[in-house]
Amino acid sequence: MRMVSEPRMRTPLSVTVVLLPESSIMSLASTLDPMRAANRVAPEPIFSWKIVSPDGLPVALTCGVEIAVDGSFADVVSGDVLLVIAGFNQDRYGDRAFIGKLTKVSRHFAMVAGIESGCWLLARSGLLDGSAATAHWEELEDFAVAFPTLDVRADRFVTSGRFWTSGGASPTFDMMLHLIRERFGSAIALDVASVFVYDVTHAATDAQPLVSLGRLGEERPELARAIGLMERTIDRPLTIGALSRRLGMSTRKLEMLFARDLEISPGRYYLRLRLSAAQRMVRDTRLSMREVALRCGFDSLSAFSRSFRNHFGASPLNFRSETGGRRPA
């Protein structure tokens, strides 16, 4: 059987985040932190982003926190992904000039998303005409009345061609995981969810009020058992044959489970788990490299260094030096 390989890393996806005043800090965090975490767990950065505001000035959020920005929306030309975050009074901050700019510049992005009240701005610009969309549940009825030609759904987030909409902060996190899974593979999306101990991820069509990673035990119990066994044996890794026997299944069946659901071989995924654990120890602790190697199931320091360099592009010592051996904020 030919195994499905990990998605090849490409040039980082260029993301422009347009942030309007009176937006939610939770919506902003749910947009930015999955990208930050994806860059942390991937072998190389897969996202680059900048934050802009309508006028280039810092943005005051509903919680009172002021967010510095990288520039003005007026200066945006093109990119891969355009994410528009809005909250209260979106019509005040998204004036006619803003809507005109949004309509024009969106042609130069492969994906455009309206987050929370950002959906109103996309709808007002005409970008959503003929598309399905969602809004925050508090505004869903008003949104449907205001834009009767849209297919308004009470889903957590909606993908309609290149136009996406999400109904709030938590659905935005799900939407970003969906983007990561679609562009870079299920294994990286699972790693990102794990960074945040995010146990219940939702499918787009889940109502507001699951393929769920947190419910993996219910949806894919055999795969969940396999991953659990791998996690428990990071320091003393089993062969794939021994892993299969412990799970009571054939090696072929185990390979099919991982290929179907995570698009990666069990051996590659097992190694990813061990190297991810090693990366955290190298960056966040002062353990010796030999101790890190032993804790992550490598028999020799040379084998550990070689695997680490192949995956992360730097030796463990250089990686620690570059990251300063500090704990992430």
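So, S125: it's in the loop between α4 (118-124) and β8 (132-133). When I say helix or strand, I mean DSSP runs numbered from the N terminus, H or I of at least four residues for helices and E of at least two for strands. Is S125 buried or exposed? S125 counts as buried, because its relative accessibility is 13%. For the cut-offs, buried is under 20% relative accessible area, exposed is over 50%, and partly exposed is in between, with a 1.4 Å probe and protein chains only.

Quick caveat before I go on. This is a predicted model, where local features need pLDDT of at least 70 and side-chain atom pairs count only at pLDDT 80 or more, while totals for chains, interfaces and linings use all residues. Residues are numbered from 1 along each chain as its sequence is written, and side-chain values use heavy atoms, with hydrogens and water left out.

Okay, what does S125 touch? Skipping neighbours within four places in sequence, S125 is in contact with I99, L102 and T103; contact here means heavy atoms within 4.5 Å.

That takes us to helix α3, residues 96-105. Which residues of α3 are buried? F98, I99, L102 and V105. They sit on the same side of α3, because they cover an arc of only 145° around the axis. That arc is taken from the directions from the helix axis to the C-beta atoms. The buried residues of α3 pack against β1 (13-19), β6 (81-86), α2 (90-93) and α4. Flip to the face turned away from the buried side, and you find R96, A97 and K104 exposed.

And what caps the N-terminal end of α3? D95 does, with a side-chain oxygen 3.3 Å from the backbone nitrogen of A97. A polar contact, by the way, is a pair of N or O atoms within 3.5 Å; within protein, one must be able to donate a hydrogen and the other to accept it, and residues adjacent in sequence count only if both atoms are side-chain atoms.

Now compare helix α15, residues 316-323. Here the buried set is P316, F319, R320 and T323. These four are on the same side of α15, since their arc around the axis is only 100°. On the other side of α15, L317, S321 and E322 are exposed. As for partners, the buried residues of α15 pack against α12, α13 (289-295) and α14 (301-312).

Next, salt bridges, meaning a side-chain nitrogen of Lys or Arg within 4 Å of a carboxyl oxygen of Asp or Glu. How many are there in the whole structure? The search finds eleven. Let me pick a few.

One is R36 with D33, at 3.1 Å, N to O. Both are in helix α1, three residues apart, about one turn of the helix. R36 is partly exposed at 31% relative accessible area, and D33 is partly exposed at 27%.

Then there's R272 with D191, where the closest N and O atoms are 2.3 Å apart. Both R272 and D191 are buried.

And there's D261 with R260, at 3.0 Å, N to O. D261 counts as buried at 17% relative accessibility, while R260 counts as exposed at 53%. Add R220, and you have R220, R260 and D261 linked in a network of salt bridges.

A couple of backbone oddities. Most residues other than glycine have a negative phi. What is phi of E116? Near 55°, so a positive value in a residue other than glycine. E116 is in strand β7, residues 111-116, and E116 is buried at 17% relative accessible area. E263 also has a positive phi, near 55°. You'll find E263 in the loop between α11 (251-261) and α12 (266-284), and E263 counts as partly exposed at 33% relative accessibility.

Last stop, the surface. I25, M26 and V65 form a nonpolar patch with about 250 Å² of accessible area together. Accessible areas come from the Shrake-Rupley method with a 1.4 Å probe, and for residues only the protein chains shown count as cover. M26 is in helix α1, residues 25-41, and counts as exposed at 52% relative accessibility.

And the whole chain? It has 15 helices and eleven strands, and 52% of its 329 residues count as buried. The chain exposes about 15,300 Å², with carbon and sulfur atoms supplying 51% of it.

Conventions
Patches are made of residues with over 30% relative accessible area and no salt bridge: like charges are joined within 9 Å, nonpolar side chains (Val, Leu, Ile, Met, Phe, Trp, Tyr) within 5 Å.
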